[in-house]
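User: Please take a close look at the salt bridges in this protein and the residues around them. I would like one connected account, with enough of the rest of the chain to place them.

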Amino acid sequence: MLTAPQSSPSRSHQHWTCSAVPFMAKPHHLTGENGFHFSQPLVFPSPSPAGEDSSAFDSASGTPLSNGTPSSAESCGLPLCEAKGIKYISAEQEELACGWGGFTPGCLQLFNTSKGVLFFLCVASFLQGMTVNGFINTVITSIERRFDLRSYQSGLIASSYDIAACLCLTFVSYFGGNGHKPRWLGWGVLVMGLGSLLFALPHFTTGRYEVRSSAEVGVCAANQSLPCAAAASSLSSYRFVFMLGQFLHGMGATPLYTLGVTYLDENVKTNYSPVYIAVFYTAAILGPAAGYLVGGMFLNIYTEIGRETDISPENTLWVGAWWIGFLGAGVASLLISIPILGYPQRLPGSQRYIVMRVSEAHQLKDGSHKKASDPDFGKTVKDLPRSVLLLLKNPTFIFLCLAGATEATLIAGMSTFGPKFLESQFSLSASEAATLFGYLVVPAGGGGTFLGGFLVNKFKLRCSGIIKLCLLCTVSSLLAIFIFFIHCPNMPMAGVTQMYNGSTLPGSQLNLTAVCNAECGCLQETYSPVCGSNDVMYYSPCHAGCRKVSENLRNGKKVYHECSCIEKTLLLGPGEAEAGKCTSPCAKRTLLLFFMFVVILFTFLSSIPALTATLRCVSDRQKSFALGIQWIVVRTLGGIPGPIAFGSMIDKSCLLWQDQCGEQGSCYVYQNSAMSRYTLVTGLVYKVLGTAFFTIACVLYKPPPTESAPGSSDTSENGNGDLQETKPSLPAEEDI
């Protein structure tokens with residue numbers, strides 16, 4: 001028995017044993033892209049793998065790749081294959097069939113391909129995005145109302161996801177990256193499903209929801225609500241159940257965006273990897289959009305299904321069926337985890353992609369990056385500090401992480417406050433603003449994510465070229481963000497932006513009381529804006545001095561009559577007002593929406609190229625761990641503080657704060673000019689930082705020398721081929 005030489009450090013190590021055997025009769029033709037079928041062990045003089053990659057091999061002559069290892073042996077993904085009379089047997093003897101234990105029916109092997117894995121991972125990422133970023137953001141107000149939660153308590157519920165992810169990322173990415181990735185993924189999706197079921201549990205363990213008061217309030221002399229007299233409730237203790245459910249969501253989703261990405265990258269050609277990852281992330285972006293739509297639909301159903309109530313969804317006391325979405329998503333996650341658990345550690349035929357891959361890892365001056373090429377590196381916990389040190393010594397990786405954190409800050413800020421920005425600028429309702437923002441995010445975010453992966457594949461970009469593409473996208477969005485110099489003017493609001501008599505409010509001080517509503521006894525806790533027939537908004541029907549109410553048969557909105565603070569006009573009749581905000585006649589609406597679309601498009605356009613560059617600039621054995629470390633940096637520096645940074649800046653533009661029994665609550669009305677100005681400043685700061693980080697990453701990146709990239713005749717960053725075979729002379733006999 002002779003042992004074949006190990007490949008170069010830039011390649012994945014494969015151990016083979018070989019023995020000389022005589023040739024047998026007629027070779028059988030092998031078929032199939034991802035697998036080969038034998039009725040009995042035969043020996044072939046020069047097998048030619050069928051499928052799309054057969055052109056990359058010279059099976060007739062058994063020409064070796066330039067690292068000195070016979071190409072016909074390395075290109076074969078089988079445990080048993082032969083070339084030139086030499087029989088190669090994989091030392092690992094991996095089981096590549098799809099199934100659970102010994103149950104591997106032939107029908108399942110149809111899904112044992114990279115496209116099959118991509119489908120199930122897309123479903124899992126779609127469910128994760130729909131649940132965590134869709135349902136929870138949609139129903140959080142209903143949960144607060146149903147379980148008597150304060151805003152900071154619901155904030156802790158939302159943060160539990162990121163806390164769990166940060167705690168688990170190092171462990172999962174390090175040990176899962178060197179283990180059986182589909183099993184880690186499958187168990188993660190299962191845990192995520194359990195978290196969704198646990199999140200819906202409080203609905204079934206509490207009593208029926210009782211509406212405390214259904215009396216109509218809001219008109220003059222009828223405002224009898226006592227918002228500060230609410231008794232303390234024990235229901236708020238259910239926040240710990242919600243936090244635990246979110247914690248399980250975070251634990252379960254951790255493998256999905258680290259091990260899932262590397263599993264796809266390892267089992268497809270290098271050129272196709274960005275496209276597969278882009279499709280995977282596009283599904284994750286479409287998930288929240290579906291969560292908003294489906295979650296909003298469920299909120300129109302009363303939480304106690306089958307029970308009649310005399311209140312409508314427009315009532316502030318209404319609680320919708322918030323729990324249905326979590327119940328369905330939990331069951332779907334449990335079901336989708338079953339096929340994921342059945343996938344093998346690597347897909348059939350993936351070995352030839354590993355052999356063809358050219359390392360583009362950043363080269364350290366001291367050569368310590370070669371340590372990660374050791375097949376035994378990373379299998380024990382004692383290698384963890386050295387693995388972290390290797391990543392910290394990689395400046396390209398570090399600055400890509402920092403650039404990702406700045407982009408994540410913008411994405412988190414836009415997703416959290418984008419609807420609020422549109423609501424304020426265009427004087428829309430919350431539902432109208434959320435719908436309009438969804439129309440922006442789905443094509444811009446989803447399309448940009450997919451387009452980024454497509455461009456990397458289309459132009460066959462190497463690592464340096466990918467970073468330059470990220471830089472170009474960041475500069476483009478930086479230029480487009482200057483659109484926030486313009487804004488839409490505030491709609492006039494009595495007592496907030498102007499006096500009740502139409503004059504300017506001195507010093508922008510709040511003054512909701514006037515002679516026309518002094519006898520109404522209006523409470524500031526009851527905020528229900530109305531639009532008067534004079535195109536002026538009022539804090540509530542009571543503050544407009546309205547005494548009667550009816551319903552508009554055309555649009556179903558309430559119309560208030562006999563409003564003493566509104567002059568008589570011919571538009572709606574004498575002193576009338578309609579529920580809701582006045583429509584903004586802003587002429588800059590189309591221009592503002594277009595450039596917001598451009599900002600979102602180019603921000604998401606750089607996401608997949610940046611992820612691909614991260615995978616390329618580290619060694620193969622550190623990919624999963626590198627993504628885990630990157631996610632920790634992105635979450636701690638970007639995802640978690642992003643909404644806080646944007647929120648604190650936007651709060652400075654508030655004109656009217658909610659009064660919760662003497663305590664300041666949320667903001668009702670913003671000054672549009674100040675909001676645009678603060679958004680511009682915040683966006684510019686992070687975009688400039690992102691541009692600087694991508695520039696430094698590109699300058700400091702040091703690719704492997706040409707001679708260390710075997711099999712490639714084009715090592716430039718914009719090469720036209722992922723691997724172009726060379727024809728070196730046959731190796732010496734002792735090299736076999």
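Analyst: What follows starts with the whole model, moves to the salt bridges, and ends with a few other sites.

The model is predicted. Its average pLDDT is 76, and 73% of the residues reach at least 70. Two stretches fall below 50. One is residues 1-94, where pLDDT stays under 50 and the model has 187 contacts beyond four places in sequence. The other is residues 707-736, also below 50, with 72 contacts beyond near neighbours in sequence.

The secondary structure consists of 18 helices and eleven strands. Of the 736 residues, 53% are buried. Among contacts with a separation of 6 or more, 75% are between residues 24 or more positions apart. The protein exposes about 32400 Å², and 62% of this comes from carbon and sulfur atoms.

Now the salt bridges. Side chains of opposite charge can pair when their charged atoms come close. The structure holds seven salt bridges, and three of them are described here, beginning with the one around Asp-265.

Asp-265 and Lys-623 form a salt bridge through their side chains, with an N to O distance of 2.6 Å. Asp-265 belongs to helix 6 and Lys-623 to helix 16, so this pair ties together parts of the chain that are 358 residues apart in sequence. Asp-265 has a relative accessible area of 6% and is therefore buried. Lys-623 is also buried, because its relative accessible area is 5%, against a cut-off of under 20% for that class. The pair does not stand alone: a network of salt bridges links Asp-265, Asp-620 and Lys-623.

Asp-265 has a further polar partner in Ser-273. The two side chains make a polar contact of 2.5 Å. Ser-273 is part of helix 7, which covers residues 273-299. With a relative accessibility of 3%, Ser-273 counts as buried. Apart from residues up to four places away in sequence, Ser-273 touches Asp-265 and Val-268. Asp-265 thus appears both in the salt-bridge network and in the polar contact with Ser-273.

The residue after it in number, Glu-266, takes part in another salt bridge. Its partner is Lys-181, and the closest N and O atoms are 3.3 Å apart. Glu-266 lies in helix 6 (residues 259-266) and Lys-181 in helix 4 (residues 181-205), so the bridge ties together parts that are 85 residues apart in sequence. Lys-181 is buried, because its relative accessibility is 5%. Helix 6 therefore carries Asp-265, which pairs with Lys-623 of helix 16, and Glu-266, which pairs with Lys-181 of helix 4.

Helix 16 also takes part in a salt bridge with helix 3. Here the side chains of Asp-162 and Arg-635 meet, at 2.6 Å from N to O. Asp-162 is in helix 3 (residues 151-177) and Arg-635 in helix 16 (residues 623-639), and the two are 473 residues apart, so that distant parts of the chain are linked. Asp-162 counts as buried at 17% relative accessibility, and Arg-635 counts as buried at 12%.

Other sites help to set these pairs in context. Phe-437 offers a buried nonpolar example, with a relative accessible area of 8%. It lies in helix 12, residues 430-458. Setting aside neighbours within four places in sequence, Phe-437 is in contact with Met-414, Ser-415, Gly-418, Pro-419, Leu-422 and Ile-600. Phe-437 and Leu-422 are 15 residues apart along the chain, and their C-alpha atoms are separated by 7.6 Å.

Ser-550 gives a second serine to set beside Ser-273. Ser-550 lies in strand 7 (residues 548-551) and is partly exposed, with a relative accessible area of 31%. Its side chain is joined to that of His-561 by a polar contact of 2.6 Å. The C-alpha atoms of these two residues, eleven residues apart along the chain, are separated by 7.9 Å. Beyond its neighbours within four places in sequence, Ser-550 is in contact with Lys-557, Lys-558, Val-559 and His-561.

The last site is on the surface. Trp-100, Phe-103, Val-331, Leu-335 and Ile-338 make a nonpolar surface patch of about 500 Å². One of them, Val-331, lies in helix 8 (residues 323-341) and is partly exposed, at a relative accessible area of 42%.

Notes
Residues are numbered from 1 along each chain as its sequence is written. This is a predicted model: local features need pLDDT of at least 70, side-chain atom pairs count only at pLDDT 80 or more; totals for chains, interfaces and linings use all residues. Side-chain values use heavy atoms; hydrogens and water are left out. Helices (H or I, at least four residues) and strands (E, at least two) are DSSP runs, numbered from the N terminus. Buried means under 20% relative accessible area, exposed over 50%, partly exposed in between (1.4 Å probe, protein chains only). A polar contact is a pair of N or O atoms within 3.5 Å; within protein, one must be able to donate a hydrogen and the other to accept it, and residues adjacent in sequence count only if both atoms are side-chain atoms. Contact means heavy atoms within 4.5 Å. Patches are made of residues with over 30% relative accessible area and no salt bridge: like charges are joined within 9 Å, nonpolar side chains (Val, Leu, Ile, Met, Phe, Trp, Tyr) within 5 Å. Accessible areas come from the Shrake-Rupley method with a 1.4 Å probe; for residues, only the protein chains shown count as cover. A salt bridge is a side-chain nitrogen of Lys or Arg within 4 Å of a carboxyl oxygen of Asp or Glu. pLDDT is the predictor's confidence in each residue, from 0 to 100.
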